[in-house]
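Here's a short set of exercises to work through with the coordinates open. Try each task on your own before you read the solution.

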Amino acid sequence: MRAAVVLFPGLNADAEMVRTLGHVCGADVSIVRHTDTALPAGVDLVTIPGGFSYGDYLRCGALAKVSPIVPALRAHAERGGHLLGVCNGFQILTEMGLLPGALTRNLHRRFECGDVFVRVEADGPFTPKSSARWRLPIAHAEGRYQTTPETLRQLEGEGRIALRYCDAAGEVTDAANPNGSVGNVAGVYGGPRKNVFGLMPHPERCSEETIGGVDGRVLFDLVLAAA
Amino acid sequence: MASAVPAPHSTPAPFRGDQAITPDVLRSHKISPAEYVSIEKHLGRTPSYTELGVFSVMWSEHCSYKSSRVHLRRLPTKGPRVIQGPGENAGVVDIGDGFAAVFKMESHNHPSFIEPYQGAATGVGGILRDVFTMGARPIASLNSLRFGSPDHPRTSELLHGVVAGVGGYGNCIGVPTVGGELTFDKSYDGNVLVNAFTCGVARADKIFYGKATGIGNSILYIGAKTGRDGIHGATMASDEFAGAGTAAAPKRPVSRSTMQVGDPFLGKLLLEACLELFSHDIEGIQDMGAAGLTSSSVEMAGRAKNGIELDLDKIPRRAKAMLPYEILLSESQERMLLVAKPGCEQQVLDICTKWELDAAVIGVVTDSGRWVIKATPGYDPLADEPIAMNAVVVCDLPTDALTDDAPVYDRPQGDVSEGAFAQTAQVEHAPEVSDWAAEITRLVGSPNIGSRAWVWRQYDQIVRGGTRVRPGGDAGVVRVPCEKDGQTIMKHLAFTADCHARHVALDPFVGAAMAVAEVCRNLVVSGAEPIGLTDCLNFGSPERPEVMTQISRAIDGIAAACTELSVPIVSGNVSLYNETGGRGILPTPTLAGVGLLPHEDALTTAWFKETGDVVVLLGVMPTGVHGLSGSEWLALRGHDALAGDAPSIDLAAEKALQTLLLGATRDRLLASAHDVSDGGLVTALVEACVARPDATGGGDLGARIDIEVTAANDARAAALFGEAPSRVVASVRPAQLAELLSRASAAGVPAKELGVVGGTSLSVGLATHGSPVHGIHLELSDLRRSREACLTPIVGS
């Protein structure tokens, strides 16, 4: 399995993504820089990690989307290649238009770091068929997922709402929503074959027993097995 | 450069904007008349206006440590692991297998009070650069924060701003914040304290120093462009604020022009560029921190006993028509000064281009021993019309005069009992308690004791994926992958910061020694051997004799504890003049420590783990009212918390306790271990039940505790709330109890079974042998709720 980690200037969650893909899940990992114009040949999974691309200046992900590597990412997604965006990576994918909706300032207007629970709402390359409840960490100031009611209904109908924030019992409640996301949405599918996936929580920081648990590893094992 | 060796003793040319040197100009530069005489003697002539500006920052308290240097010499700074002690950008300590921990703590108090977000953010940015300039990738940060009274009108705004600023920089640059402390006290109403700590890890054979070595080597400028921000930030650090913070609607001190503005995105690019540059032929490198280009170039020349010649025409700028005075004293952030071998300049410039950073060759290392600055009068690279370049000498100063020969004062000391924190009375009796359960619930929900989750949730605690223990325990613990010869060696490091300022006020020697002991205790209960400390010595004006005594005796207390516990001070800083309207802060010598775990299984946390485990108190149970002086509980009850004697500390007993704990954690004997400190024994017990970070409450475990104490109110209060040091609440599997007790007995450490872990409540029985038990029943859900609401009165819900 071959995986790539795309680095835009200011991304900072690359160390844990590389370690999870490579050391933990056994993929062959290469780094792609924003100035590159092509992805490594034969790459199965392309990931955009979290951080602050271009300092989140202007708008999260708004500057990254005009980088030289972006056409190659778009082509990969349109071909049906697996493309994962975590946190700032999710924001970049929405800015690129590969995923619907937008991520805006948390409702309480603070950066928020801590563990949350998410419920798997739809299956796909990155999520299991059986409903699952994962405990994953978040770390963001702009994770409030927003879209129109029509788009949300359409996404729900197409099984593209992948994850929702929930409580420890798996109930999707307002109290369990850490940022004011519409419908408690934490992760969304896109692409022709649900091959594009964006989520605000950090599964790559939660893939080893001693580092916060292994719920996040399920996602990587699934997509790497599908590749 | 036209020539490597300038003509000696050039007389500087006049520049636009130069002011005549009058008593007023000297005062505004904080140069005393005696110091000015000394400057003229060093130069053999009158300094130019720009040279006066240079002296004012280099001889400032912030850069020269002129009031504290004679005392700092008494700190123990050596040890078998020490690779670099104080005097460099950061301290360096061996962590084995060819790797080193590089760390320092620094204050950014004055800027944070003026502009809390940027003050705190640039404090974090500055300490990060101090660490990565030495070749280390930063892996963890801490911060120690002090604010005024919870109900002071500015406290909420300052707390919001500082916490957002710390997070704003640290989260963006991608270094996890894994711990710290937060305290409120009215003495900080007019002077908040923001002390930021960062630790990085480097190869022990690849440490870079701030030295301008190699005559003829090139000096390069890399990073952000220079603007007019932060001019005279270093001298401003010695300002006392005038009267702000006392009135109901306090006015803000107006010194915005001295403020720096941080750009963490640029900081991240600079970090990655520097780490890449370190694999090339770099001779020396230093952050342009306080006093910017001036202090970095002077200090680099001074450490190497060399001279430096700089051409200001080459400095990248973002403001038009900057004068040499402004360029030299600007504290624009995210800039580095670097020394490279001739022929390597292009490599440096290419790497900077890759990371989209400005870079320029701006000077050369000379053997003249002089600091020579040139510039073309009227030249402005941003001007529409270019002018002919004709650089003339702006400054020509002996490097020694700015560094080693800077003034050193052994300022007069006085009787601490005459100061603002004079001991007023003894604590004869504890305030009366009628409902112990309510009293405990209130204490653990008070602003200085309860959960700091509101703060920590605003920090990325887990970026880089190495955080083993998040904030909320005794120490943050981080797993660090160290790459060597294609192998990854995992190192586990623990970090903590502490200072109980009221104890320092009661007795500077004892209080400071207790701070050292507590930092080390926090590390050993986490399973880590303390390998080095860094300090931020925050005090009032050194020109007041009683403050000078506090400084001197606190340093002696730190030295005594470090010596007994065999842990060196390897870096730090001093922040004086923390005064407003003539009123100083509580003496606050903050200590931060780094611990090394012998192996990852030694890792121990504060929280109870399994029903049936036995709870043991290691250390002495206090008697009488010992430990109540200066305690949080007394302060909460409105009692004079600065009455009485500081709790005493027996450093030999502390050493024995810590040695016992290190062995017990190394051998995986303990299920949990937690230091008893602020809020006393009962607070430590509550925390062991419900303070597990980021639990949703599901992991909480209660306990049934019995404490042997007489029915007297004083005795009960001292037992539950007293803050006597050298005590730890541990829990062990029943099968391990005999082993722990036998080790404690052999080590001469008192150990007492307190009870058993289990249930959804904490029940504490108070009794003497044979007398009826006074039972206190506390539901864990109530305790958790109370702790988590502790900051609500300040920050809202």
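Helices (H or I, at least four residues) and strands (E, at least two) are DSSP runs, numbered from the N terminus. This is a predicted model, in which local features need pLDDT of at least 70, side-chain atom pairs count only at pLDDT 80 or more, and totals for chains, interfaces and linings use all residues. Residues are numbered from 1 along each chain as its sequence is written, chains are lettered from A and ligands numbered from 1 in the order in which they are written, and side-chain values use heavy atoms, with hydrogens and water left out.

**Exercise 1. Place a serine**

Task: Where does Ser631(B) lie, and is Ser631(B) buried or exposed?

Solution.
- Step 1: Find the element. Ser631(B) sits in the loop that runs between β22 (614–618) and α20 (632–636) of chain B.
- Step 2: Check the accessibility. Buried means under 20% relative accessible area, exposed over 50%, partly exposed in between (1.4 Å probe, protein chains only). Ser631(B) has 0% relative accessibility, so it counts as buried.
- Step 3: List the neighbours, with contact meaning heavy atoms within 4.5 Å. Leaving out residues up to four places away in sequence, Ser631(B) touches Arg502(B), Ala641(B), Phe721(B) and Glu723(B).
- Step 4: Look at the side chain. A polar atom of the Ser631(B) side chain lies 2.7 Å from the backbone oxygen of Leu628(B).

**Exercise 2. Size up chain B**

Task: How many helices and strands does chain B have, and how does its radius of gyration compare with the globule rule?

Solution.
- Step 1: Count the elements. Chain B has 26 helices and 28 strands.
- Step 2: Apply the rule. The radius of gyration is taken over C-alpha atoms, and the globule rule is 2.2 Å times the number of residues to the power 0.38. For 797 residues the rule gives 28 Å and chain B comes out at 27 Å, close to that value, so chain B is as compact as a globular protein of that length.
- Step 3: Add the extents. The C-alpha trace of chain B spans about 95 × 60 × 45 Å along its principal axes.
- Step 4: Look inside. Of the 797 residues of chain B, 65% count as buried. Take the contacts in chain B between residues at least 6 apart in sequence: 85% of them join residues at least 24 apart.

**Exercise 3. Take the interface apart**

Task: How much area do chain B and chain A bury between them, and which residues of chain B lose the most?

Solution.
- Step 1: Get the area. Buried area is the accessible area (1.4 Å probe) that two parts lose on being put together, summed over both. The two chains bury about 2600 Å², 52% of it on carbon and sulfur atoms.
- Step 2: Pick out the top residues. Phe265(B), Arg457(B) and Arg479(B) lose the most area to chain A in chain B, together 21% of what that side buries.
- Step 3: Count the participants. There are 32 residues from chain B and 28 residues from chain A in the contact.
- Step 4: Count the polar contacts (a pair of N or O atoms within 3.5 Å; within protein, one must be able to donate a hydrogen and the other to accept it, and residues adjacent in sequence count only if both atoms are side-chain atoms). Eleven residue pairs, both at pLDDT 80 or more, are in polar contact between chain B and chain A.
- Step 5: Assign the elements. On the side of chain B that touches chain A, α8 (155–173), α10 (264–277) and β14 (467–469) each supply at least two residues. The largest share, four residues, comes from α10(B).

**Exercise 4. Follow the salt bridges**

Task: Which residue of chain A forms a salt bridge with Arg479(B), and which parts does the pair Arg19(A) and Glu208(A) tie together?

Solution.
- Step 1: Set the rule. A salt bridge is a side-chain nitrogen of Lys or Arg within 4 Å of a carboxyl oxygen of Asp or Glu. That gives 60 salt bridges over all chains, and four across the interface of chain B and chain A.
- Step 2: Cross the interface. Arg479(B) pairs with Glu208(A), the closest N and O atoms being 2.9 Å apart.
- Step 3: Stay on Glu208(A). Its side chain also meets that of Arg19(A) in a salt bridge (2.9 Å, N to O). Arg19(A) is in helix α1 of chain A and Glu208(A) in the loop between β11 (196–199) and α5 (215–226), so the pair ties together parts that are 189 residues apart in sequence.
- Step 4: Check burial. Arg19(A) and Glu208(A) are both buried.
- Step 5: Close the loop. Arg19(A) touches Val24(A), Glu208(A), Arg479(B) and Met490(B), not counting residues up to four places away in sequence.
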